[in-house]
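Q: Please take a close look at one strand in this model and describe its surroundings. I would like its pairing, its burial and the elements around it in one connected account.

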Amino acid sequence: MHDVDYNNFFYIYIDQLLLIWSFLILLQAYIMHLIILLWLALDKDQKKLSIECTANQDPLIIKGANYVPLLGIDVWEHAYYLQYKNVRPDYLKYIWEVINWKYASEVYEKEYP
């Protein structure tokens with residue numbers, strides 16, 4: 001495993017930054033129209049990051065065993081109803097503050113050294 005400065009994780013992997021930016025844009029586009037689970041995953045076959053969607057809270061494994069989940073965002077109503085009073089944009093505004101980026105980078109490093 002590489003030593004990773006987690007504060008600079010996305011600077012180290014700058015070639016993947018555009019994909020992550022796309023993930024954020026995709027998330028913003030879908031939040032108001034679709035009820036889905038969004039995944040940022042490592043595609044071990046293609047050796048790159050991938051953005052995947054599943055419905056009905058299906059796990060990422062249904063897309064194939066080659067996908068390793070790094071980050072999943074549940075945008076079903078039950079994920080935010082009580083705390084955010086069914087205001088999905090508020091939920092997504094604050095979700096970035098609780099995402100465990102260190103864990104995501106550790107999984108990435110483990111699966112794609």
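A: In this predicted model, strand β1 and strand β3 (residues 67–74) run antiparallel and are joined by seven bridges. Two positions show how the strands line up: L38 stands opposite I73 in β3, and L42 stands opposite V68 in β3.

The other neighbour of β1 is strand β2 (residues 48–54), also antiparallel to β1 and linked to it by seven bridges. Within that pairing, A41 has S50 of β2 as its bridge partner. The connection between β1 and β2 is a hairpin with four residues between the strands. K47 lies in the turn and has a positive phi of about 55°.

Together the strands make an open sheet of three, in the order β2-β1-β3, with antiparallel pairing. β2 and β3 are the edge strands, each pairing on one side only. From one strand to the next, the twist averages 25°.

Burial follows. Strand β1 covers residues 37–43, and seven of the seven are buried, so the strand is largely enclosed by the rest of the structure. The cut-off behind this is a relative accessible area under 20%. In a regular strand, side chains alternate between the two faces of the sheet. In β1, L37, W39, A41 and D43 are on one side, while L38, L40 and L42 are on the other. The residues on both sides are all buried, which leaves both faces of β1 covered. D43 is thus listed among the buried residues, on the side that also holds W39.

A helix also belongs to this picture. Helix α5 (residues 101–111) lies across β1, β2 and β3. Its direction is at about 165° to that of β3.

Two further places lie outside β1. In helix α4 (residues 88–95), the buried residues are R88, Y91, L92 and I95. These residues span an arc of only 95° around the axis, so they are on the same side of α4.

The second place is A55, in the loop between β2 and β3. A55 counts as partly exposed because its relative accessibility is 36%, and the range for that class lies between 20% and 50%. A55 and D74 are 19 residues apart in sequence, and their C-alpha atoms are 9.9 Å apart in space.

To return to the strand itself: β1 sits between β2 and β3 in the sheet order, and its seven residues are buried.

Definitions and conventions: Residues are numbered from 1 along each chain as its sequence is written. This is a predicted model: local features need pLDDT of at least 70, side-chain atom pairs count only at pLDDT 80 or more; totals for chains, interfaces and linings use all residues. Side-chain values use heavy atoms; hydrogens and water are left out. Buried means under 20% relative accessible area, exposed over 50%, partly exposed in between (1.4 Å probe, protein chains only). Two strands pair if DSSP finds at least two bridges between them. Axes are lines fitted to C-alpha atoms, for helices over the stretch in contact, and angles run from 0 to 180 degrees between N-to-C directions. Contact means heavy atoms within 4.5 Å. The arc is that of the directions from the helix axis to the C-beta atoms.
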